[in-house]
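Biologist: I would be grateful for a close look at a single part of this structure, with attention to the side-chain contacts made there. Please set out the reasoning behind each assignment.

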Amino acid sequence: MAYSEALQTLKTFVERIVLDPRYHDLLAVAKGARNGAVYGAKVRFPHALVMVLLFRPGTAREKLSLVLRATRTHARNLARFAFVYKLTCYVLKHHGATPGKEGRYDALVAGLLGGYLVFGGRSRHGRIPSVNQQIVVYVFARVVLALARLAVKPGVGLPVVSADRASATISHYAWPVFAAASWAMVMHLFRYHPDDLQPSLRSSMTYIYQQSDHWDSLRNFMWHNK
């Protein structure tokens, strides 16, 4: 009974702290790191599991090790980035030019610092970690799409192209042109410069477009790849 009462007292004390508005911004740093780790694990584990089982050779133990390593890296780096980003925003907000007020470029500076510290490094062997590369390329693609939308957005976009008629025309035709150009370029690169493509993309394309050229029986024509 005494133990449960002490535990309840401790829980009440901790809950009082986490609900205190005075500590909100600082505690948000910790929760951001927590959410980054959880989201990274949820996203990476099923993806890594499928990709490793389908395309990586090795024993079950080796494959499980690869899956867990990729999951840990993704979760850890998203947690680290969230921590650096939110801590930097906290410092800039409370100790910047106008204490207590968020600056216009705080998010930009915090993202720049977090990106450099967490995703800008190389491994001990001088390589860019594949998980980091995938995350950064994923983010970059979405940044480019958002900037393209902003460029033609009436009222905030670039001159001429953001005018109502031009914006509507570009928005209508831009996606099919972008899709066609993207696939044209990736297929050309895969055909003549495959080593320069990201490894997981190259592996997927090899399976679909190269290994489909080879079979020696009905079994590996229809039911199995090899």
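**Helix α3 and its contacts**

Modeller: In this predicted model, K93 and D25 form a salt bridge whose closest N and O atoms are 3.2 Å apart. The two partners belong to distant parts of the chain, since K93 lies in helix α3 and D25 in helix α2 (residues 24–55), with their positions 68 residues apart in the numbering. K93 has a relative accessible area of 25% and is therefore partly exposed; D25, at 26% relative accessibility, likewise counts as partly exposed. The class follows because partly exposed covers the range between under 20%, which is buried, and over 50%, which is exposed.

The search of the whole structure finds two salt bridges. The other joins D20 to R22, with the closest N and O atoms 2.7 Å apart. Here the partners fall into separate classes: D20 counts as buried at 15% relative accessibility, whereas R22 is exposed, with a relative accessible area of 67%.

Helix α3 (residues 60–95) also holds R76. This arginine belongs to a patch of positive charge on the surface, where R56, R69, R72, R76 and R80 gather. With a relative accessibility of 40%, R76 counts as partly exposed. That value suits membership of the patch, because residues of a patch need over 30% relative accessible area and no salt bridge.

Aromatic contacts complete the picture of the helix. The whole structure contains five aromatic pairs. In one of them, the ring centres of F81 and F119 are 5.9 Å apart and the planes stand at 45°, so the pair is tilted. This pair again links distant parts of the chain, with F81 in helix α3 and F119 in helix α4 (residues 106–119), 38 residues apart. F81 is partly exposed, its relative accessible area being 23%, while F119 is buried at 13%. Ring pairs also bring Y85 into a cluster with F81 and F119.

A further pair, W215 and F221, offers a point of reference for the geometry: the centres are 5.1 Å apart and the planes are at 65°, so this pair is edge-to-face. The assignment follows because planes over 60 degrees apart count as edge-to-face. Both rings belong to partly exposed residues, W215 having a relative accessible area of 48% and F221 one of 47%.

In summary, helix α3 contributes K93 to a link with helix α2 and F81 to a link with helix α4, and R76 in this helix is one of the arginines of the positive patch.

Conventions
Residues numbered from 1 in each chain as written. Predicted model: local features only at pLDDT ≥ 70, side-chain atom pairs only at ≥ 80, totals over all residues. Heavy atoms only, no water. Patch = residues over 30% accessible without salt bridge, like charges linked within 9 Å, V, L, I, M, F, W, Y side chains within 5 Å. Areas by Shrake-Rupley, 256 points an atom, 1.4 Å probe, with all protein chains shown as cover. Salt bridge = Lys/Arg side-chain N within 4 Å of Asp/Glu carboxyl O. Lys, Arg positive; Asp, Glu negative; His and termini not counted. Charge placed at Lys NZ, Arg CZ, Asp CG, Glu CD. Helix = DSSP H or I, 4+ residues; strand = E, 2+ residues; numbered from the N terminus. Buried < 20%, exposed > 50% of the residue type's maximum accessible area, 1.4 Å probe, protein only. Phe/Tyr/Trp six-rings, centres within 6.5 Å; stacked < 30°, edge-to-face > 60°.
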